Amino acid sequence: MSAFSNANGKPVLLKMVKAIQENKAYLGEVDGLIGDGDHGMNMNKGFTLFEKEFGEQEFGFSEGVFNLGNILFSQIGGSMGPIYGTIFMDMSDAGEDFDEISTAELAQMLAAGLEGLQGIVEAQVGDKTLVDTLSPAVDSLKASAEAGEDLQTALPKMKEAAQKGMESTKDLVAKFGRSSRLGERSRGVLDAGSVSCCIILQAMADGILETL
């Protein structure tokens with residue numbers, strides 16, 4: 001299949017939830033090296049609140065990412081709640097009218113999330129933020145869409161692009177957030193937001209692939 005049904009999005013969202021829950025401690029460890037150390041706890045709180053509120057309900061993919069984004073935006077602390085909330089809610093707005101989501105539609109949704117993020121945060125690729133993960137993932141999906149590739153071909157490439165983007169943050173100096181105060185001392189450590197973004201994107205991709 002070259003597309004998945006928007007209405008069949010619940011398993012994808014729950015896979016994303018599980019991935020964050022399973023990586024709570026790791027995200028805390030990464031964040032603790034140059035940040036507050038609370039990224040894993042905050043992300044786990046938001047994703048688990050979503051699971052508790054909506055886990056017994058039926059919902060589609062675009063509806064699910066909106067509800068997840070709304071919870072993250074309003075109910076978790078720090079800067080990452082509004083950041084992820086904006087990404088997910090803008091993704092939802094872009095995809096709410098899609099019955100079927102192919103490579104092109106998913107690229108459009110993720111691109112809208114990235115655009116929304118960059119509307120509130122000026123970070124660009126190279127600034128050691130989750131943009132370093134999300135932007136290459138979007139670029140990969142766009143390239144796959146232009147090449148006419150189906151999701152089975154496009155999503156593994158997107159996962160690889162997200163992974164490489166995340167790994168690139170280790171050699172960068174932080175330009176935003178608390179870690180930016182460290183200057184050169186922030187080099188040599190992964191950015192926690194880029195790690196959580198990679199985990200989310202890879203779980204999303206795996207969840208979609210399992211529906212095909």
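Helices, as the term is used here, are DSSP runs of H or I that are at least four residues long, and they are numbered from the N terminus. In this predicted model, S62 is found in one such run, helix α4. That residue makes a convenient starting point for a tour of the chain.

At 7% relative accessibility, S62 falls under the 20% limit and therefore counts as buried. Which residues surround S62, once its neighbours within four places in sequence are left aside? The contacts are with N6, S92, G95, E96 and M109. A further relationship links S62 to D97: the two are 35 residues apart in sequence, while their C-alpha atoms are 8.7 Å apart in space.

It helps to step back and view the chain as a whole. The secondary structure comprises 9 helices and 2 strands. Read from the N terminus, the order of elements is β-α-α-α-α-α-β-α-α-α-α, with a strand at the start and a helix at the end. The C-alpha trace spans about 45 × 40 × 30 Å along its principal axes. The radius of gyration is 16 Å, which agrees with the value near 17 Å that a compact globule of 212 residues would have. Buried residues account for 54% of the 212 residues. Of the contacts between residues at least 6 apart in sequence, 71% join residues at least 24 apart.

Returning to helix α4, the next topic is its packing against helix α3. Two packed helices are described by the angle between their axes and the distance between the axes. Helix α3 covers residues 39-54 and helix α4 covers residues 61-75; their axes lie 9 Å apart and meet at an angle of about 130°. That angle makes α3 oblique to α4. The crossing of α3 past α4 is right-handed. On the α3 side, the contact is made by K45, G46, F47, L49, F50, E53 and F54, and on the α4 side by G64, N67, L68, I71, L72 and Q75. How do these residues divide by class? The contact of α3 with α4 holds 7 nonpolar, 4 polar and 2 charged residues.

One of the α4 residues in this contact, N67, deserves a closer look. Is N67 buried or exposed? With a relative accessibility of 13%, N67 counts as buried. Not counting residues up to four places away in sequence, N67 touches F50 and F54, and both of these partners are among the α3 residues that meet α4.

Helix α3 also packs against helix α2, which runs over residues 24-34. The axes of α2 and α3 come within 6 Å and cross at roughly 145°. Here K24, L27, G28 and D31 of α2 meet H39, G40, M41 and N44 of α3. By class, the contact of α2 with α3 divides into 2 nonpolar, 4 polar and 2 charged residues.

Finally, a loop residue rounds off the picture. K128 sits in the loop between α6 (103-120) and α7 (131-146). Its phi is near 65°, a positive value in a residue other than glycine. Where does K128 stand on the scale of accessibility, buried or exposed? K128 has a relative accessible area of 1% and is therefore buried.

Definitions and conventions:
Residues are numbered from 1 along each chain as its sequence is written. This is a predicted model: local features need pLDDT of at least 70, side-chain atom pairs count only at pLDDT 80 or more; totals for chains, interfaces and linings use all residues. Side-chain values use heavy atoms; hydrogens and water are left out. Axes are lines fitted to C-alpha atoms, for helices over the stretch in contact, and angles run from 0 to 180 degrees between N-to-C directions. Angles under 35 degrees count as roughly parallel, over 145 as roughly antiparallel, 65 to 115 as roughly perpendicular and the rest as oblique. A crossing is left-handed if the near helix is turned anticlockwise from the far one by less than a right angle, and right-handed if clockwise. Contact means heavy atoms within 4.5 Å. Ala, Val, Leu, Ile, Met, Phe, Trp, Tyr, Cys and Pro count as nonpolar, Asp, Glu, Lys and Arg as charged, and the others, Gly among them, as polar. The radius of gyration is taken over C-alpha atoms; the globule rule is 2.2 Å times the number of residues to the power 0.38. Buried means under 20% relative accessible area, exposed over 50%, partly exposed in between (1.4 Å probe, protein chains only).
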